[in-house]
Amino acid sequence: MPVNTELARPETDDDFEAMCCMLYQRVYLDPGLMRVGGAGQAQFGVDLLGVDRRTPAGVSIGIQCKHYVKKKFTFKTVTDDVDEADKANLAIEHLTFATTAPPSAEIVKRVHELSQQRRKTGKFTVSVEYWNTIQAHIRIFPEVGRAYIP
């Protein structure tokens, strides 16, 4: 009999964003990683700002949290938020989309291509982490799951 090892998703957009903040503080070794604004405020295409300190130089990062239960995560979702971040002239080197959506090979391919094009023109790069990857991070930092997963 198969066993389901998938973790439950946080119940609200705010819980998902707060969980991502706590989680990525640990993943990126940046206790100063912080949330940008809140509901109803302009967030410039990002929800979290910080520094990936896993390398000596550190990389300035933004994270856009997409708690999608019924709504579909699309490539347009990515390009719309990338455009917003570009217009805001955010001083980031990389933007990650963290989403509860199921993985899509086609979107990963297109986001990778977009990221490579942007790198060639000196703009911030882009990636996407689906729920399966986020779950892997949570298994490394189980205190995050205990705090936010029902």
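How far apart are the end C-alpha atoms of α2, and what span should its residues give at 1.5 Å a residue? The views below start there.

**View 1. Helix α2, end to end.** This is a predicted model, where local features need pLDDT of at least 70, side-chain atom pairs count only at pLDDT 80 or more, and totals for chains, interfaces and linings use all residues. Numbering runs from 1 along each chain as its sequence is written, and side-chain values use heavy atoms, with hydrogens and water left out. The 13 residues of α2 should span 18 Å, and its end C-alpha atoms are indeed 18 Å apart. (Helices are DSSP runs of H or I, at least four residues, and strands are runs of E, at least two, numbered from the N terminus; expected span is 1.5 Å times one less than the number of residues.) Just after α2, Asn89 has a positive phi of about 55°.

**View 2. The two sides of α2.** Phe75, Thr77, Val78, Asp81, Val82 and Ala85 are buried (under 20% relative accessible area; exposed is over 50%, partly exposed in between, with a 1.4 Å probe and protein chains only). Down the axis of α2 they fall within an arc of 155°, so they line one face of the helix (the arc uses directions from the helix axis to the C-beta atoms). Lys76 and Lys87 sit exposed on the other side.

**View 3. Helix α3 and its packing.** Buried here are Ile107, Val111, Leu114, Ser115 and Arg118. They cover an arc of only 100°, which puts them on the same side of α3. These buried residues pack against α2 and β5 (contact means heavy atoms within 4.5 Å).
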